[in-house]
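Biologist: I should like to learn how the features of a two-chain model are read. Please take me through the one shown here.

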Amino acid sequence: MKLWDFLIYIVLIIFTFWTLFPILWMIMLSFKSPLDIIAVPPKFIFSPVIDNWFVLFGGVEANPVYGGVQMQKIFFTLLPNSLISSIISSGITVIVATLAGYSLSRFNFKGRRPITFAIIGTRMLPPIATAIPLYIFFSDIGLRDTLFGLILAYTAINIPFAIWMMASFIMQTPVEIEEAALIDGCRRIEALVKVVLPILKPGIAATFIFNYILAWNDFALAFFLAPNRAATMPLYILSFVTETGTAWGPMAAYGVIYIIPSIIFIIFAQNYLVKGFTLGAVKG
Amino acid sequence: MKRKLFNILYPYLFLLPAFIILFVVLAYPWLNSFYLSFHSYRPGVSEEINFVGLENYYSIFKDKLFGISTYNTIFLLIGEISIQFILGLLIALSLNSIKSFRRFFRTVALLPLVLAPALSSLAWRFLVDPVRGFINGFLLMLGIKGPDWIGDPNYALLTILVIEVWKFTPYVTLILLAGLQGIPPPLLEAAAIDGATRWQSFRYITFPWLKPFIAIALLFRTMFVLRTFEIIYLLMGLGGPGNSAMVYGTYLVYLTRKLWDLGLGSAMSIILVVITGIISIGYFMFLYKGGD
């Protein structure tokens, strides 16, 4: 019995090490001097320097060895674009999905089943495949490389899953309170806003955070729809790879900046994230 | 009377905003692409849109690169799904049986899953780079000259497989863990009282219970393997060394970005969706027919 427990912890510790190592290594690199970065054997103990961060924050003139994007670009274009597109699209998504989810889970109406299936079906569209039609469409109507276009794209891509999430959360809330409110003469929309929404807060938070992560992580859509002015963080990862060499340290530091929101959500909103990931399995 | 009509309309009104957005931003562009997939359309070269019938589909199916993409996608599918299933199940069972630190290990499992694919690619670049990467540096310390994980056609796809296993095994773990936590304790207690061994209670209670969860996890993994793109693109460019890591996702980008043919690109988008659809429907049928 004891041996069994011991083995289980060994498995989990190996898993932990394997999972964390790539991230920890990147964080370590971002604090290494250029010499330590190329050291063989790889160095675990080193004296940390902030040079790489200094480069990102614009402290060093464009140095051929460092290359890469400069502070201005990161802090005035890429980071704001990533934040704005993720936050606004998630906000719109949650509102639209709450309404639709409410409809699908509380009303029995003609066409409910086909609509539900259509929504689940849309989820199967691979974003990389959707990127091409959207690229053509946005080019035609002049929405390409605009934040508005990017926000629309994220909203549309995320709505189906968000509806699914919200519908399942609403189904879990008791219908009686609402009915009481309706009998008291509340209109539907009032019942939704005043009675259902307060109970739904955790579900709304879960949906928002999950959609935020999906938008924040997106590369495929931004790659096609937002090449320059509306570019987001992940698009500039490769800009550290230049003909004269790769700026390893600053590249790692850039990765660390990009990772921060994900880490924050994992620490503070873990249960919400787990809900999002396991939803399809636990509740259909 | 007015109130009654309203009650009929209500559910549709609530659905309207979602419907409008989905129609304008998804359905219309897709229909447009479906139309273009039968045309030749190269906006940079000429603005003409010429009807070519099935020419685009024909030339994709004839293309050697499409064959390579198919082969590599199947390789990734089989490799990922089998490895992720075994490891995911192992870790989920371990997590389910411990009493302390469960939350800590679950946090760990969430990490690669929540990270952007682009970031996974970046973090792994620091490990698999042939000259400065950790792995080859470590091997060199042992006196072994490591291979070029990124640039050698023999290793490129394998490297991608390892990164994908790293990133997505936790997904299978989370789903299966959710399943395991739903097993009613009396079921297992009864088995224990009847003297069932650990293997027997796994074989006859846990595993059958997990089946639908396994099916869902594998369905979603399959759908997501089919859209693999950024990890490959950011690590080794479109298709990897000598196209040895070309998959559907990168092939699609190759058609639009390299060949600059939006007709071809549209056709490939349609093909990818159809393939995803067929596999998903297959899964569903399996799930509802032979599931339990």
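**Reading the two chains**

Modeller: Chain A exposes about 12300 Å², of which carbon and sulfur atoms supply 71%; accessible areas come from the Shrake-Rupley method with a 1.4 Å probe, and for residues only the protein chains shown count as cover. This is a predicted model, in which local features need pLDDT of at least 70 and side-chain atom pairs count only at pLDDT 80 or more, while totals for chains, interfaces and linings use all residues. Residues are numbered from 1 along each chain as its sequence is written, chains are lettered from A and ligands numbered from 1 in the order in which they are written, and side-chain values use heavy atoms, with hydrogens and water left out.

Biologist: What does chain B expose, and what share do carbon and sulfur atoms supply?

Modeller: For chain B the exposed area is about 13600 Å², and carbon and sulfur atoms supply 70% of it.

Biologist: How is the secondary structure of each chain to be read, and which pattern does chain A follow?

Modeller: Helices (H or I, at least four residues) and strands (E, at least two) are DSSP runs, numbered from the N terminus. Chain A comes to 12 helices and two strands, in the order α-α-α-α-α-α-α-α-α-α-β-β-α-α along the sequence. Chain B likewise has 12 helices and two strands, but its pattern reads α-β-β-α-α-α-α-α-α-α-α-α-α-α.

Biologist: Why is chain B described as more spread out than a compact globule?

Modeller: The radius of gyration is taken over C-alpha atoms, and the globule rule is 2.2 Å times the number of residues to the power 0.38. For the 292 residues of chain B the rule gives 19 Å, whereas the radius of gyration is 24 Å, well over that value, so chain B is more spread out than a compact globule. Along its principal axes, the C-alpha trace of chain B spans about 85 × 75 × 30 Å. The C-alpha atoms of chain A fill a box of roughly 75 × 65 × 30 Å, taken in the same way along the principal axes.

Biologist: What percentage of the residues in each chain is buried?

Modeller: Buried means under 20% relative accessible area, exposed over 50%, and partly exposed in between (1.4 Å probe, protein chains only). By this criterion, 55% of the 284 residues in chain A are buried, and 54% of the 292 residues of chain B.

Biologist: Which residues does the buried Ser89(A) contact beyond its sequence neighbours?

Modeller: Contact means heavy atoms within 4.5 Å. Ser89(A) lies in helix 4 (residues 71-106) of chain A and counts as buried at 1% relative accessibility. Leaving aside neighbours within four places in sequence, Ser89(A) is in contact with Ile84(A), Ile151(A), Tyr154(A), Thr155(A) and Ala215(A). Helix 4 of chain A also holds Ala97(A), which is buried with a relative accessible area of 0%. With residues up to four places away set aside, Ala97(A) touches Ala162(A), Ile163(A) and Met166(A). Ala97(A) and Met166(A) are 69 residues apart in sequence and 6.4 Å apart in space, C-alpha to C-alpha.

Biologist: Where is Ala92(B) found, and what does Ala92(B) touch?

Modeller: Ala92(B) is placed in helix 3 of chain B and counts as buried at 0% relative accessibility. Not counting residues up to four places away in sequence, Ala92(B) touches Thr173(B), Leu176(B), Leu177(B) and Leu180(B). Leu180(B) is also among the residues touched by Thr206(B), under the exclusion of residues up to four places away. Thr206(B) is in helix 9 (residues 198-225) of chain B and is buried, at 8% relative accessibility.

Biologist: How is the size of the contact between the chains expressed?

Modeller: The size of an interface is often given as the accessible area lost when the parts come together. Buried area is the accessible area (1.4 Å probe) that two parts lose on being put together, summed over both. Chain A and chain B bury about 8600 Å² between them, 80% of it on carbon and sulfur atoms. Of the area that chain A buries against chain B, Met124(A), Trp248(A) and Phe277(A) supply 8%, more than any other three residues. The contact takes 96 residues from chain A and 91 residues from chain B.
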